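Biologist: Hi! Could you walk me through this model when you have a minute?
Modeller: Happy to, let's bring it up.

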Amino acid sequence: MTQQPAGGPRPAVEAPTGRLRYLDAATRRIARGMDLDETLEELCRAAVPEFADAAFVHLCDPLPVGDEPSGPAPVLRLRAAAPPAGAPGSVVDLDPDGPLSALLRAGRPVPGDAPGVAAAAAGLLGPVPPGSRLVVAPLHGRTHVMGSVTLLRGADRPPFTDDDLLVASQLATHTALGIDKAVLYAREASVAAALQRTMLPSSLPEPTGVRLASRYLPASRTAQVGGDWYDAIPLPGNRVALVIGDVMGHSLTSAAIMGQLRTIVQTLAGLDLPPDEVLHHLDEQAERLGSLHMATCLYALYDPVLHRLLVANAGHPPPLLVHPDGRAVVLGIPPGSPVGVGGGVFESTEMHAPAGSTLLLYTDGLVESREWDVLTGVERLRSRLAGAPRSAPASLEALCDEALGTAGSGDRDDDIALLAARFEGVQPETVAQWYLAPHPRTARQARTLTRRTLLRWGLDALVDTAELLVSEVVANAVRVASRPVTLRLLRGEVLRVEVADDSTQVPRMRHARLHDEGGRGLFLVDQLALGWGATRVSTGKVVWFELRLSGEPL
């Protein structure tokens, strides 16, 4: 592109070869834009100063999306200008019957001296400087009017010619398609983000004997979500299942598969299966979803009463155990194969979980990069956590921040999910447990044991209510049990009572009629307890209820 010497009139784009070269370069620039702002910025850079002295882009607000029917006449809002400056007509009400609407519907660039264009331009820009030459080019997407671009030249440049109108038309067409793409891309990103949010836990539970914290960071380089997920699932006996998983790939399909696998894991956890069996059944179900949908998963089961951790792994990066003194250890869990491959062999590993230690579960996005592999990344993570100076155990939130390091602020090629569990355990003196043979006197025996324990714990105000409810629940268990019934009392922030038997028949509350001799036990539990429930486990079921320690009525 050549120009006249300084002081002389600046020409328009040279014709015809120069015009074609300009168009090729300009449309390539516009096509580079990945979002709305980039697309408009590239248009302004392409148009000014080579083709025009100024450019103003007005877009409909709200912008139409895809093939959705457009609503009532929107306003036009100034979204970009070159050189950067405000304009008097930054917001323009679009009259459906006015000259500007007619110009936009026509879809062709028009010069400023065409009939009705001056009024339309004044509506967009306000007073136009004397001697200025302008072109108004509508922005038409695939199915909707998106807005307009107004190009101005000063009096020292040649007026716009018919060939210039063709150039303006090409600039507007490529810009409109870029806007359409950006709007659809933003909509997909919004849908993907919403899908991801709904499939991850909205909040973490607060199980007895363990505190939890989590992080989720989406990939920086794609609007499509990944398949990373985490979960914490309270189980009978005050245990909690800790889960982390990663579906291979980045797409809405990966997120949908993740949602299905997460639901399957929650269902399997409710059956109270050991971790290796959970992964075995998950592998079978994942294989049914299709061989292309593989995932890694790590399933850990923590018992706060026994301070025991049981872990099984399906191809996932190994967890880290951070001790109270700051030592960080990579747990040697047999990795197994990813679920969905089929025929995987998984092994549960049992270990002691010291009070005050923290289990860190994470996905490979935290430890893998283009500079190093997963194993190197795991060692870097371990060193980072072990090397953090501390006089006392770091808070869970601080530990999560240390684990993320610079990943929280930099560009990421992959999602990152992180679940931290600090094991506090349950002190032995706060637990009482008995095995009671099922016979007619078992309920009375359970009442006696409950009374003695609560008096020893100083919970005198709870004795009468707890005795009544224990008697009802144990009596129900004795009627269906063929093996000893387990009665367990746990004193924490509330008094939790659990009664386990070997029958899978879960009791249901019903309202007894006046002449019925039974059927009122669970109604009493429901009325007097802070909460209650019944859960099937691999050995039968557990019925539990909780009471406030104060003994105050609900």
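**Helices, pockets and a few single residues**

Modeller: Let's start with helix α3. The elements that cover its buried residues include β2 (75–82), β3 (91–93), β4 (110–111), α4 (117–125), β5 (133–140) and β6 (145–153). Keep in mind that this is a predicted model.

Biologist: Which residues of α3 are buried?

Modeller: In α3, which runs over residues 99–106, they are Leu 100, Ser 101, Leu 103 and Leu 104. They sit on the same side of α3, because the arc they cover around the axis is only 160°.

Biologist: Why would residues a few places apart point the same way?

Modeller: An α-helix has 3.6 residues a turn, so residues three or four places apart point the same way.

Biologist: Nice. What follows α3?

Modeller: Gly 107 does, and its phi is positive, near 85°.

Biologist: Can we zoom out? How many helices and strands are there in the protein?

Modeller: There are 12 helices and 21 strands. The protein has 554 residues, and 49% of them are buried.

Biologist: And what share of the contacts joins residues at least 24 apart?

Modeller: That comes to 67%, taken among contacts between residues at least 6 apart in sequence.

Biologist: On to α8, then. How far does α8 reach from its first C-alpha to its last?

Modeller: It reaches 18 Å with 13 residues, 374–386, which is close to the 18 Å expected at 1.5 Å a residue. The buried residues in α8 are Gly 377, Val 378, Leu 381 and Leu 385. Those residues are on the same side of α8, since they cover an arc of only 100° around the axis.

Biologist: What covers the buried residues of α8?

Modeller: The cover includes three strands, β12 (320–322), β13 (328–330) and β15 (358–362), along with helix α9 (396–404).

Biologist: What goes on at the start of α8?

Modeller: There, Asp 373 has a side-chain oxygen that comes within 3.5 Å of the backbone nitrogen of Leu 375.

Biologist: Switching to empty space: how much lies in the largest pocket?

Modeller: About 800 Å³. The largest pocket is lined by 29 residues, and Glu 206, Pro 207, Thr 208, Gly 209 and Asn 238 are the closest to its centre.

Biologist: Which strands supply at least two residues of that lining?

Modeller: β7 (210–217), β8 (226–235), β18 (485–491), β19 (494–501) and β21 (540–548) each do. The largest share comes from β7, with 3 residues.

Biologist: Where does Pro 205 lie?

Modeller: Pro 205 lies in the loop between α5 (162–199) and β7. Its relative accessibility is 25%, so it counts as partly exposed. Apart from neighbours within four places in sequence, Pro 205 is in contact with Leu 212, Ala 232 and Pro 234. Its C-alpha is also 7.5 Å from that of Ile 233, which is 28 residues away along the chain.

Biologist: What about closed space, how many cavities of 30 Å³ or more are there?

Modeller: The structure holds 1. About 50 Å³ of space lies in the largest cavity. Its lining has 11 residues, with Val 322, His 323, Pro 393, Ala 394 and Arg 422 nearest the centre.

Biologist: I also had Val 339 on my list. Is it buried or exposed?

Modeller: Val 339 counts as buried, because its relative accessibility is 1%. You'll find Val 339 in the loop between β13 and β14 (349–352). Beyond its neighbours within four places in sequence, its contacts include Leu 279, Leu 282, Ala 286, Met 294 and Phe 346. Val 339 and Glu 287 are 52 residues apart in sequence, with 7.4 Å between their C-alpha atoms.

Biologist: And is Glu 467 buried or exposed?

Modeller: Glu 467 counts as buried, because its relative accessibility is 14% and the cut-off is under 20%. Glu 467 is part of helix α11 (residues 463–480). Not counting residues up to four places away in sequence, Glu 467 touches Arg 447, Thr 450 and Arg 451.

Biologist: Last one: what does the side chain of His 58 have 3.5 Å away?

Modeller: The backbone oxygen of Leu 124 lies 3.5 Å from a polar atom of that side chain. His 58 lies in strand β1 (residues 54–61), and at 0% relative accessibility His 58 counts as buried.

Biologist: Great, thanks for the tour!

Terms used. Residues numbered from 1 in each chain as written. Predicted model: local features only at pLDDT ≥ 70, side-chain atom pairs only at ≥ 80, totals over all residues. Heavy atoms only, no water. Helix = DSSP H or I, 4+ residues; strand = E, 2+ residues; numbered from the N terminus. Buried < 20%, exposed > 50% of the residue type's maximum accessible area, 1.4 Å probe, protein only. Contact = heavy atoms within 4.5 Å. Expected span 1.5 Å × (residues − 1). Arc of directions from axis to C-beta. Polar contact = N/O pair within 3.5 Å; in protein donor to acceptor, adjacent residues only side chain to side chain. 1 Å grid on protein atoms, 1.4 Å probe; cavity = no way out; pocket = protein on both sides within 12 Å on 5 of 7 lines; lining within 4 Å. Points joined across faces, edges and corners; volume = space filled by probe spheres on them.
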